[in-house]
Amino acid sequence: MLKLPELPDCFYQNQPTLIFPSSPTPKHSLYLSNLDDQKFLRFSIKYLYLFKKSISLDILKYSLSKVLVHYYPLAGRLRASTEVDQKLEVDCNGEGAVFAEAFMDITAEEFLDLSMKPNKSWRKLLYRVEAQSFLDIPPLVVQVTTLRCGGMIVCTSINHCVCDGIGTSQFLHAWAQITTKRNLDLPILPLHSRHVLKPRNPPEITFTHPEYVRIAPGENGHLDMDINHFLRSQPLVPSSLTFTASHILHLKKQCVPSLKCTTFEVLASHTWRSWVRALDLSPSLNVKLLFSVNVRKKLIPEIPQGYYGNGFVLGCAQSCAQDLVTSNMYHGVKLVQQAKSSLTDDYVRSMIDLLEDKSVKTDLPMSLVISQWSKLGLEDLDFGEGKPLHMGPLTSDIYCLFLPVAGDFDAVRVLLSVPESVHEKFEYYMKECLGNAANGDAKGSHVEENGFC
């Protein structure tokens, strides 16, 4: 199996501490919407930031205690609702966020050389909370690791049931602002209430929702074919490929007939198609692409600014494998566009009502899932000593991430773990249609390690 370079161990001089809000906060139960507490989202979003210069740990802890006054649910604890079966809520009890301090004998430059492809040793950079279940892990865990060169790595674990990508970015930027400009008011105040996304009573399910399947008790869903299960049974290798603006323009030119499309639409279609080709799936198999779409401005009325809960839904494009792999870029892009355009207010409300039925699950077995972290401002986080040299996830998974590229707003890094047996084939298909564009930009660089740029 391909061996990835391992990080040295972290040294902890002190036990992790709990950071409490610096002043009293409301004590109550926070209702979570049906978009928040889906089983699909019962995990923590784990970000990794590499900074050239470190910030005083006392300053970071002080500013975290200040920002938790505003984002006090992150200092609470998740629990099962006592009123509704299989429903989660946040007990806003002010028990605090976990903050760990560590040292690693590595420089920022050395880490940067490894940063395109996460591996299991990276987990050392985030303190592991011993817990019996997902609910016992605090919604916010932070580890700041000082490096030999004086730089630092900040890793955060934020419960996805409490925040989505936009919400985590909003919180992190608020923390950074209080660190650097503690006397200024926050530009965006958090909106805690989730009632804007409450289901209707009685539910009105007026659309079919291919993003989900209803699974009867005792059933496992697709018994004949489960791509998701197959992938997890294989040795996985992370693939990390960076697409510059010129690569993306080249991809758009592959649409025949010509089609006006966004960077996300063409890159999502291309990744989906390359993934299906690499896995060599049965031509008649119906495959799906599930991708996150922010619906804050799609609803009527719009979700107010400051809402940091889950304000996204999954768009769903689907095709038989043969049609996807034998058609040009136009076919996949059109499917992604149609899936996006279907996400109207009525459709989203119908989806929220559907999720009242707890036997409904996200249709993962036949799907590639893409989550977009680019264009959220995550890479602009600045605690006072400059923007990060690197921003990305702590680990790589079978779910695909579109990541920002530090210093290049128009570039996108595609990170996805695939079976080792198809790794080379997947990267070949991802680069194949770029032709001279890939060869020109990749000249003199490590294409597999750093993408094309």
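**Entry 1: cavity lining.** I sorted the lining residues of the largest cavity by class and obtained six nonpolar, two polar and no charged. In this sorting Ala, Val, Leu, Ile, Met, Phe, Trp, Tyr, Cys and Pro count as nonpolar, Asp, Glu, Lys and Arg as charged, and the others, Gly among them, as polar.

I note that the model is predicted, that local features need pLDDT of at least 70 and side-chain atom pairs pLDDT 80 or more, and that totals for chains, interfaces and linings use all residues. Residues are numbered from 1 along each chain as its sequence is written, and side-chain values use heavy atoms, without hydrogens and water.

**Entry 2: the cavity.** I found one cavity of 30 Å³ or more; the volume of the largest is about 30 Å³. A cavity is a set of points on a 1 Å grid over the protein atoms alone where a 1.4 Å probe fits but cannot get out, and lining residues have an atom within 4 Å of a point. Among the lining residues I listed Asn 228, Trp 275 and Tyr 399. Strand E15 (367-372) and helix H4 (227-232) each supply at least two lining residues, and E15 gives the largest share, three residues. Helices (H or I, at least four residues) and strands (E, at least two) are DSSP runs, numbered from the N terminus.

**Entry 3: a sheet.** I then looked up an open sheet of three strands, ordered E3-E6-E5 with antiparallel pairing; strands pair if DSSP finds at least two bridges between them. E3 (28-31) and E5 (77-80) are edge strands with a single partner each, so one side of each lacks a neighbour in the sheet. E5 and E6 (residues 88-92) pair over four bridges, and Arg 79 has Glu 89 in E6 as its bridge partner.

Definitions and conventions. 1 Å grid on protein atoms, 1.4 Å probe; cavity = no way out; pocket = protein on both sides within 12 Å on 5 of 7 lines; lining within 4 Å. Points joined across faces, edges and corners; volume = space filled by probe spheres on them.
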